[in-house]
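Trainee: I would like a close look at one part of this model, the place where two helices pack against each other. Please set it in the context of the chain as well.

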Amino acid sequence: MRENTVRLISVTKPVGEHLPAELQNPEGLMAYCARVSSPKQENPNYQKLLNYCALHGHWSVFEMADMTVEIITTRAIAQQIIRHRSFCFQEFSQRYSENKFGYIPTDARSQDLKNRQNSIDNMSRQDKSWFDFAQTQVFNQSYRLYKEALSRGIAKECARMLLPLNTGTKMYMKGNVRSWIHYINTRCHESTQKEHRDIANQIKAILVEQFPSIEKVIAE
Ligand SMILES: Cc1cc2nc3c(=O)[nH]c(=O)nc-3n(C[C@H](O)[C@H](O)[C@H](O)COP(=O)(O)OP(=O)(O)OC[C@H]3O[C@@H](n4cnc5c(N)ncnc54)[C@H](O)[C@@H]3O)c2cc1C
């Protein structure tokens with residue numbers, strides 16, 4: 001495993017014959033619920049309605065459907081992701097299982113001197129390849145000592161302390177569409193670390209494919 005990857009695991013599926021065929025999809029379900037007070041609850045046209053709700057902050061409509069994705073990333077980025085407290089998570093346990101994900105290399109970028117939480121992609125080829133080399137060295141050395149610790153009978157929960165932040169991990173992240181909209185608008189923004197942005201952009205493509213009506217309310 002050498003890169004941050006995302007794939008779709010599940011999306012809400014409406015059931016029941018009371019929903020007309022045109023609403024038998026996750027967006028149709030949100031629209032059906034949004035029109036709970038309307039005599040035209042079964043109206044099959046919902047694109048404008050969903051746009052209107054998002055633009056006017058009628059967020060509860062978007063809490064009616066969920067999506068789950070699988071994410072493979074580093075421990076450093078996983079830590080940022082799980083701060084999004086409105087989501088539900090399941091993450092690979094390094095206490096229960098031996099690490100099997102290797103590491104994901106990060107491209108070297110220079111420190112932005114005006115914004116401490118930003119970096120700039122202007123490093124020389126030599127510096128980039130030195131950083132690649134350093135990451136490989138650190139991971140290989142750490143992993144060798146990690147394996148040695150396990151072979152000495154040291155518990156996995158202790159041995160994992162030898163592993164660096166770029167060690168890979170796998171998690172499932174489930175949230176409603178409201179949370180996904182705000183997560184994407186925050187984490188696709190340039191103020192987010194590039195490796196996290198790469199993940200958010202993959203999730204954005206999946207979300208828009210599953211919920212095409214909300215494309216306009218998601219940041220470009
Ligand atoms: C650039 C950046 C730097 C950060 N730096 C630090 C740091 O130095 N230290 C630190 O501890 N944390 C930091 N964080 C983490 C940040 O403070 C939050 O903990 C993290 O982004 C999770 O956001 P959240 O609490 O809104 O959770 P979420 O789960 O994303 O959102 C919580 C709820 O709020 C709703 N919501 C969110 N936005 C809106 C909106 N615009 N309108 C309506 N509803 C909304 C969601 O739908 C959800 O229901 C940083 C985050 C970013 C993006």
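Mentor: This is a predicted model, and the ligand is a useful starting point. The ligand is surrounded by 14 residues, and the closest are Arg-83, His-84, Ser-86, His-182 and Ser-191. By class, the shell around the ligand holds eight polar, three nonpolar and three charged residues.

Now the part you asked about. Two packed helices are described by the angle between their axes and the distance between the axes. The pair to look at is helix α6, residues 177-187, and helix α7, residues 194-210. Their axes lie 9 Å apart, and the helices pack at an angle of about 140 degrees. Angles over 145 degrees would count as roughly antiparallel, but α6 and α7 are oblique to each other. Their crossing is left-handed.

Next, the residues that make the contact. From α6 come Trp-180, Tyr-183, Ile-184 and Arg-187. On the α7 side they meet His-196, Arg-197, Ala-200, Ile-203, Lys-204 and Leu-207. Sorted by class, the contact of α6 with α7 has six nonpolar, three charged and one polar residues.

A second pair is worth setting beside this one. Helix α1 (residues 26-34) packs with helix α2 (residues 47-55) at an angle of about 70 degrees, and the two axes are 10 Å apart. The angle makes α1 roughly perpendicular to α2. The crossing of α1 and α2 is left-handed. In α1 the residues involved are Glu-27, Met-30, Ala-31 and Ala-34, and they meet Leu-49, Leu-50 and Cys-53 in α2. The classes in the contact of α1 with α2 are six nonpolar, one charged and no polar residues.

Finally, the chain that carries these helices. The secondary structure of the chain amounts to seven helices and six strands. Read from the N terminus, the order of elements is β-α-α-β-α-β-β-β-α-α-β-α-α. The pair α1 and α2 can be found in that order as the α-α that follows the opening β. As for overall dimensions, the C-alpha atoms of the chain fill a box of roughly 70 × 45 × 25 Å along the principal axes. The chain has a radius of gyration of 21 Å, whereas a compact globule of 220 residues would have one near 17 Å.

Conventions
Residues are numbered from 1 along each chain as its sequence is written. This is a predicted model: local features need pLDDT of at least 70, side-chain atom pairs count only at pLDDT 80 or more; totals for chains, interfaces and linings use all residues. A residue is near a molecule or strand if its C-beta atom, placed from the backbone, lies within 6 Å of it. Ala, Val, Leu, Ile, Met, Phe, Trp, Tyr, Cys and Pro count as nonpolar, Asp, Glu, Lys and Arg as charged, and the others, Gly among them, as polar. Axes are lines fitted to C-alpha atoms, for helices over the stretch in contact, and angles run from 0 to 180 degrees between N-to-C directions. Helices (H or I, at least four residues) and strands (E, at least two) are DSSP runs, numbered from the N terminus. Angles under 35 degrees count as roughly parallel, over 145 as roughly antiparallel, 65 to 115 as roughly perpendicular and the rest as oblique. A crossing is left-handed if the near helix is turned anticlockwise from the far one by less than a right angle, and right-handed if clockwise. Two residues are in contact if their C-beta atoms, placed from the backbone, lie within 7 Å. The radius of gyration is taken over C-alpha atoms; the globule rule is 2.2 Å times the number of residues to the power 0.38.
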